[in-house]
Amino acid sequence: MLDYSYTSSYTPDYTANLLSFVNLTGTQFLADKLLLSGNVFYRHLITNAVNGNTNDSYLQDYTGPPFDCATPGTSLGALTYCTPGQNATSRLAQNTKGVGLQVTDSQDLLGWASQATLGADFTDSDDSFAQQYQYGGLTPNRLLIYTASPYNNETVISLSGQNKIYGTYFTDTLSPSKMLHFTLSVRYNQSTETLNGYSVDTDIGDFGDGFNAPTTLSGNHTFSHVNPAFGFTVTPTDTLTFYANYNEASRAPTVIELGCANPQAPCGLPNDFASDPDLKQVIARTFEVGARGNLADQRLNWSADLFHTVNQNDIQFVASAINAGYFDNVGSTRRQGLDLSLGGKEGPLKWHVTYSYVDATYQSTFEVSAESNSTADANGDILVRPGDRIPLIPKHTGRLILDYEITPQWDFGGNVIATSGSYLHGNENNANQAGGTNGEGTYVVGSGWIAGHAVVNLQSTYRVSKRLELFARLGNLFDRRYATAGFLTSSSFNPNGSLISNPDNWPNENAVSPGAPRAAWGGIRVRF
């Protein structure tokens with residue numbers, strides 16, 4: 001479809017956010033070198049979404065009494081089985097309250113310069129989520145033609161949840177001399193998550209055995225972890241610094257991930273819930289070493305950094321159908337590489353070059369559903385092994401930034417961003433071959449890969465005064481066509497966007513998110 005018409009969309013989605021946010025901060029010196037600071041915040045978010053989909057149950061896996069698809073609105077089963085289109089409309093409301101308090105002491109410790117901070121914080125979030133399914137036909141633009149029926153627009157998910165996060169931390173930077181600095185820190189996190197509600201089985205394949213039956217959603221999970229960090233810096237001169245550090249970080253599964261962790265009850269995209277088997281929290285351990293420096297006149301600056309991060313119990317969304325899947329711990333993953341940076345200034349010209357190399361791989365063996373992959377077995381599963389690259393993370397990324405001061409008030413610049421290619425989701429084993437067939441004997445068209453790209457952007461700013469600026473931007477100067485994300489999956493449509501009526505003929509191909517086309521805009525920036 002994208003090759004046929006670059007302006008086409010697969011099935012249109014609409015999202016509207018309404019955010020209210022208030023944050024109050026305050027500081028007070030308790031003594032000459034003892035500072036008390038804190039903040040209180042409130043955040044309210046409402047997200048309304050309409051996600052257009054092809055119906056995963058359309059003419060699929062049904063062995064019950066026959067339906068008359070000429071009148072699909074006569075029963076919920078017929079509506080689910082006979083209609084190719086589906087809209088998932090949802091409303092998510094989040095109320096988050098939080099408070100933080102810390103004390104910073106900058107008095108010397110045992111004759112060494114010291115800056116120590118002790119603090120605690122608390123966040124309380126209440127969430128509610130509801131989703132309805134609307135079935136019907138599809139227009140040539142793949143919009144839903146709603147089927148009038150008392151069985152349509154059923155609430156298939158209703159859920160409320162709460163997340164309480166407690167944290168305490170301590171950090172201290174000790175400087176035995178101007179050349180050497182040590183940093184030690186530790187943080188304790190505890191997260192308690194609860195959810196209550198129900199989810200309705202919408203899989204027509206379960207007709208007579210749970211179809212349209214509600215399942216109670218309930219769970220009470222507590223996660224805790226101590227995260228240490230330590231490092232040092234050496235500054236032999238004012239223009240040269242070496243550093244090394246180690247740190248740990250933990251992330252508890254979100255309410256959404258916990259509520260969508262059962263492979264026997266996959267969830268609809270983008271947010272959906274089912275029964276909630278336990279997920280383990282993700283623990284990240286990072287080693288980093290590097291150096292940075294500059295010339296005394298600041299005409300040249302540089303930096304180099306090596307990093308190595310291992311995530312234990314990493315969480316990934318596993319697609320089990322075009323519009324459904326579940327979250328699962330997939331063992332360990334590793335991200336390692338280097339970041340290089342070089343920049344400077346020569347008269348009115350400023351320039352900056354960066355390069356990143358990221359080797360992101362799975363470090364555990366696991367199976368994942370990916371039936372559109374040519375190596376999938378008869379059950380639609382592929383085997384991922386240690387060393388397979390994680391999808392959608394390019395190995396190479398580079399950036400060149402130039403800015404030229406035409407006059408003291410007017411500057412003109414641009415940047416070039418280049419990335420190498422990456423694998424798509426659905427090709428986690430990096431083994432898919434376009435033109436092959438999977439274990440079910442189905443032909444695979446898609447490569448499971450998106451190519452690298454380079455994009456040129458321009459910008460200019462004119463400063464009318466200290467408070468008023470005019471600016472202009474031109475993105476994707478050469479109107480390059482590229483993709484940044486996607487799946488190897490089946491498509492319900494012909495290249496011209498018309499529906500393929502027989503699901504058995506849906507091709508397995510790349511479904512990608514195209515990058516932004518050439519675009520120009522300008523504006524006024526006012527500072528008060």
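In which strand is tyrosine 404 found? The points below answer this and set out other features of the structure, which is a predicted model.

1. Tyrosine 404 belongs to strand β19, which covers residues 396-405. Tyr404 is also one of the residues that make a nonpolar surface patch of about 1,000 Å². The other members of this patch are Ile406, Trp410, Phe412, Tyr462, Val464, Leu470, Ile524, Val526 and Phe528. Two elements, β20 (410-419) and β27 (519-526), give two or more residues each to the nonpolar patch.

2. Strand β1 (residues 13-31) runs antiparallel to strand β2 (residues 34-54), and 18 bridges join them. The two strands form a hairpin, with two residues between β1 and β2. Within this pairing, aspartate 13 has asparagine 51 of β2 as its bridge partner, while asparagine 23 stands opposite phenylalanine 41 in β2.

3. Strand β2 also pairs with strand β3 (residues 85-105), again in the antiparallel sense, over 21 bridges. In this pairing leucine 36 stands opposite valine 103 in β3. Strand β2 is therefore paired with both β1 and β3, since two strands count as paired if at least two bridges are found between them.

4. A second set of pairings is centred on strand β15 (residues 333-346), which pairs with strand β12 (residues 300-312) in the antiparallel sense over 12 bridges. Asparagine 301 has glycine 343 of β15 as its bridge partner. Strand β15 is also joined to strand β16 (residues 349-362) by 14 bridges, and these two strands run antiparallel. Glycine 343 stands opposite histidine 352 in β16, so that the residue takes part in the pairing with β12 as well as in that with β16.

5. Strands β15 and β16 form a hairpin with two residues between them. In its turn, glycine 347 has a positive phi of about 65°.

6. The structure holds 10 salt bridges. In one of them, the side chains of glutamate 248 and arginine 285 meet at 3.4 Å, N to O. This pair links distant parts of the chain: glutamate 248 lies in strand β9 (residues 240-251) and arginine 285 in strand β11 (residues 282-294), with the two residues 37 apart. The N to O distance of 3.4 Å is within the 4 Å limit, and the contact therefore counts as a salt bridge.

7. Rolling a probe the size of a water molecule over the atoms shows where empty space is left. For this model the count comes to one cavity of 30 Å³ or more. About 60 Å³ of space lies in the largest cavity.

8. The lining of the largest cavity is made up of Leu76, Thr80, Tyr133, Tyr135, Glu154, Val156, Asp201, Thr202, Phe211 and Asn212. Three elements, α1 (76-82), β4 (113-138) and β6 (154-175), supply at least two residues each to this lining. By class, the lining has five nonpolar, three polar and two charged residues. Tyr133 and Tyr135 are among the nonpolar lining residues because Tyr counts as nonpolar in this classification.

How values were computed
Residues numbered from 1 in each chain as written. Predicted model: local features only at pLDDT ≥ 70, side-chain atom pairs only at ≥ 80, totals over all residues. Heavy atoms only, no water. 1 Å grid on protein atoms, 1.4 Å probe; cavity = no way out; pocket = protein on both sides within 12 Å on 5 of 7 lines; lining within 4 Å. Points joined across faces, edges and corners; volume = space filled by probe spheres on them. Helix = DSSP H or I, 4+ residues; strand = E, 2+ residues; numbered from the N terminus. Patch = residues over 30% accessible without salt bridge, like charges linked within 9 Å, V, L, I, M, F, W, Y side chains within 5 Å. Areas by Shrake-Rupley, 256 points an atom, 1.4 Å probe, with all protein chains shown as cover.
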